[in-house]
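I opened this one with a fresh page and a cup of coffee. Here is what I looked up, in the order I got to it.

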Amino acid sequence: MWNRDEQDSQFSQMIEARLSRRRFLVGTAAVSAGAFLSLNPIAKAFAADKQSALLNFEAVPVSTSDEIVVPKGYKAKPLLSWGDPIFPGAPEFDQSGKQDSKAQQRQFGDNTDGMSLFPISDDRAVIAVNNEYTNYEYLFDHGGDAMTADDVLKAQAAHGVTVFEIVKSGGEWKLDKSGKRNRRITANTEMMLTGPAAGHALMKTELDPSGMKPLGTFNNCANGQTPWGTYLTCEENFHGYFGTREEGADISADHKRYGIKAAASSYQWHDADERFDVAKHPNEPHRFGWVVEIDPHNPDATPLKRTALGRFKHENAAVVVNDDGHVVVYLGDDERGEHLYKFVSKHKYKPGNDKANRDLLEEGTLYVARFDMDDKELKGNGEWIELTYGKNGLTKENGFNDQAEVMIFARRAATQVGATTMDRPEWVAVHPDNKHVFCTLTNNKNRGVKENQPVGGPNPRAQNNYGQIVRWMPQGGDHTKSGFEWDLYLIAGNPVVHKGTPYAGSENINADNMFNSPDGIGFDKAGRLWIQTDGKYSNKGDFAGQGNNQMLCGDPMTGEVRRFLTGPIACEITGLTFSPDYKTMFVGVQHPGEDGAPSHFPAGGNSKPRSTIVAITREDGGVIGA
Ligand code: FEO
Ligand code: CA
Ligand code: CA
């Protein structure tokens with residue numbers, strides 16, 4: 001099955017050895033607890049490898065304290081917090097909540113999320129980072145109860161993307177406010193649509209009759225980085241910004257599939273900015289839910305919305321150049337019972353010719369995944385199904401008039417072709433061997449409850465509140481092929497509370513490394529799998545002993561998982577990137593103190609909690625994790 005010529009790493013040999021073992025079978029209708037416990041294929045195959053050679057740090061214990069904790073010999077320092085000025089002369093953060101939109105437009109946005117670093121020289125780089133959303137209880141002195149038109153502009157300016165240069169001095173990376181690439185991209189920045197849906201009738205609005213020039217990007221969750229030096233930002237929960245105060249407004253079934261409601265939005269943007277009133281401007285939401293490509297080196301470049309990658313609640317965009325030069329992008333749609341996608345470019349990557357590569361994401365084919373759903377198996381085969389107008393039932397009779405509609409209503413197209421409903425696909429990451437792909441399925445309380453979300457395959461637990469990580473190998477190591485083989489890298493759980501049941505998790509989960517809701521993942525150059533959590537931090541009930549959200553590090557060969565970092569109170573850990581020498585790791589701490597929880601991170605005292613990027617280094621200057 002595997003392509004030995006192309007890939008003969010120890011990792012591939014291990015996977016092959018494991019997959020050739022007897023398939024696991026149990027006799028009952030549902031997978032037994034024993035199956036979960038013995039699932040961890042890698043730990044089993046490599047039971048002799050007690051100690052991972054990749055992970056060389058001391059695990060940190062769970063924490064409920066209001067700080068970042070990193071292993072002995074490491075330090076974590078704030079690099080940039082919400083509201084910090086990123087241009088010369090921009091105002092400093094003022095925690096009164098009274099600063100206006102003009103200040104926020106020149107400061108770091110709120111709720112840091114996915115990010116990528118682009119090297120410029122040995123001691124200079126540029127980081128592009130998402131500002132996913134904002135918390136009105138901290139953004140405004142009135143907590144959102146007395147919104148003015150400028151407050152709406154301020155909230156819009158707290159969203160989007162921040163691009164900023166960093167310089168290395170005295171061994172530490174720091175913001176350079178004078179960096180010529182520094183830029184704020186907000187919910188009001190002019191963008192350009194490209195690909196099959198650009199200019200389509202469903203994209204035209206009163207404000208933009210061309211259907212080509214949407215304003216802004218928001219709810220930018222995670223990210224991607226192309227080998228031609230651009231940043232991909234992914235629009236996730238865009239539905240929450242649209243609404244109306246019109247009584248009994250008619251909302252299309254297609255809008256409902258994406259969660260848009262005929263009710264006021266809690267962000268209240270539609271009260272001051274009419275384009276967010278879905279009753280008045282029903283096409284405006286079609287212009288969101290895309291992957292946006294940004295050139296971080298040119299602050300004047302227009303961000304490009306790539307409609308060939310489909311419209312859904314995008315989590316991240318994991319880019320890999322296939323051996324034949326086609327660019328493949330794996331994409332998750334983060335909603336209970338939605339799907340996992342892949343895009344294959346029409347044209348091929350030309351190394352060293354970034355100008356020729358610039359539009360590789362404009363044309364190509366989108367696919368959606370169907371997994372074997374045997375409820376007795378924790379591994380199997382899968383297939384990528386093409387989402388092309390005229391194929392696989394994507395026809396007029398079934399409600400699709402052209403390729404643009406297939407892309408705009410990608411969720412409906414995925415249902416039409418029989419895609420597998422998943423436990424909320426979050427980030428996808430490709431192993432540095434360029435073959436094995438991992439995806440976090442964060443949790444799904446609807447699994448086994450809603451008819452369209454049966455238990456089985458890579459979603460093996462009903463009312464799954466802990467999550468799992470699925471892994472697949474494309475047929476022959478070729479990402480453009482329709483077939484793949486999958487298994488589960490880990491199943492999160494609580495082996496203290498749920499001894500001997502499927503909710504204890506897989507064999508590589510124990511009382512010392514347990515967590516819930518894996519979300520952000522990424523590999524470093526050596527192949528360490530970094531896992532970030534966005535889960536329940538109550539530390540009670542099902543989550544007793546799991547503490548605050550955290551970051552772990554996994555060895556994809558031995559299956560060992562070790563806790564590397566714990567975050568402050570009521571935060572989520574999300575976003576990671578490295579300096580080119582892998583000696584500094586940048587990690588995002590999002591929404592510390594959400595819903596009024598008692599956090600004062602990072603400044604302490606009585607300060608407001610602020611979403612913050614931290615820079616993590618080793619006291620001896622070594623490579624992170626090594
Ligand atoms: Fe923005 Fe799916 O997390
Ligand atoms: Ca996420
Ligand atoms: Ca999440």
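**Cores**

I began at Leu387, leaving out residues up to four places away in sequence: it touches Tyr341, Leu366, Tyr367, Val368, Leu394, Gln403, Val406, Met407, Ala413, Ala414 and Val417. A caution for myself: this is a predicted model.

I then asked which residues have the most contacts inside the largest nonpolar core. They are Phe218, Trp269, Val329, Leu331, Tyr341 and Leu387, in a core of 61 residues. So Leu387 and Tyr341, which touch each other, are both on that list, given that a nonpolar core is made of buried residues joined through side-chain atoms within 4.5 Å. Helix 9, residues 403–408, gives the most to this core, with 4 residues. I also found another core lying apart from it, with 41 residues, including Phe57, Tyr466, Ala492 and Phe543. A general reminder I jotted in the margin: in soluble globular proteins, nonpolar side chains tend to be buried together.

**Calcium pair**

Next I went to the ions. Which protein donors does the calcium ion (ligand 2) have? I listed Glu315 (OE), Glu426 (OE) and Asp519 (OD), with Asp519 (OD) entered twice, at 2.3 to 3.0 Å from the ion. Along the sequence these donor residues are spaced E-x110-E-x92-D. The ion links distant parts of the chain, as Glu315 sits in strand 12 (residues 314–321) and Glu426 in strand 17 (residues 425–430), 111 residues apart.

I did the same for the calcium ion (ligand 3). Its donors are Glu426 (OE), Asp519 (OD) and Asp534 (OD), at 2.3 to 2.6 Å. Their spacing along the chain reads E-x92-D-x14-D. Glu426 is in strand 17 and Asp519 in strand 21 (residues 518–523), so this pair ties together parts that are 93 residues apart in sequence.

How far apart are the calcium ion (ligand 2) and the calcium ion (ligand 3)? I noted 3.5 Å, with Glu426 coordinating both. Asp519 also turns up in both donor lists.

Are the donors Glu315 and Glu426 buried or exposed? Glu315 counts as buried because its relative accessibility is 0%, under the 20% limit. Glu426 is at 2%, so it counts as buried too. I can add Asp519, which is buried as Glu426 is.

**Thr533**

I moved on to Thr533, which is placed in strand 22 (residues 529–533). Its relative accessible area is 1%, so I put it down as buried. Its side chain makes a polar contact of 2.7 Å with the side chain of Asn549. Leaving out residues up to four places away in sequence, Thr533 touches Phe515, Asn516, Ser517, Asp519, Asn549, Gln550, Leu552, Glu572 and Ile573. I was pleased to meet Asp519 again here, given that it is a donor of the calcium ion (ligand 3).

**A sheet of 4 strands**

In what order do the strands of the open sheet run? I read 1-27-26-25, with antiparallel pairing. The edge strands, each pairing on one side only, are strand 1 (74–81) and strand 25 (572–578). From one strand to the next the twist averages 30°. Inside the sheet, strand 26 (residues 584–590) and strand 27 (residues 612–618) pair in the antiparallel sense over 6 bridges. I marked Val589, which stands opposite Thr612 in strand 27.

**Backbone oddities**

My last stop was the loops. A general note first: most residues other than glycine have a negative phi, and most peptide bonds are trans.

Which peptide bond did I find to be cis? The one from Phe601 to Pro602 is, with omega near 0°. Pro602 is placed in the loop between strand 26 and strand 27.

Ala570 is not a glycine, yet it has a positive phi of about 60°. I located Ala570 in the loop between strand 24 (561–566) and strand 25, and at 1% relative accessibility it counts as buried.

Tyr582, also not a glycine, has a positive phi of about 60° as well. It belongs to the loop between strand 25 and strand 26. With a relative accessible area of 23%, Tyr582 is partly exposed.

How values were computed:
Residues numbered from 1 in each chain as written. Chains lettered and ligands numbered in written order. Predicted model: local features only at pLDDT ≥ 70, side-chain atom pairs only at ≥ 80, totals over all residues. Heavy atoms only, no water. Pairing = 2+ DSSP bridges. Helix = DSSP H or I, 4+ residues; strand = E, 2+ residues; numbered from the N terminus. Axes fitted to C-alpha atoms, helices over the stretch in contact; angles between N-to-C directions. Donors = N, O, S within 2.8 Å, 3.2 Å for Na, K, Ca; no water. Buried < 20%, exposed > 50% of the residue type's maximum accessible area, 1.4 Å probe, protein only. Polar contact = N/O pair within 3.5 Å; in protein donor to acceptor, adjacent residues only side chain to side chain. Contact = heavy atoms within 4.5 Å.
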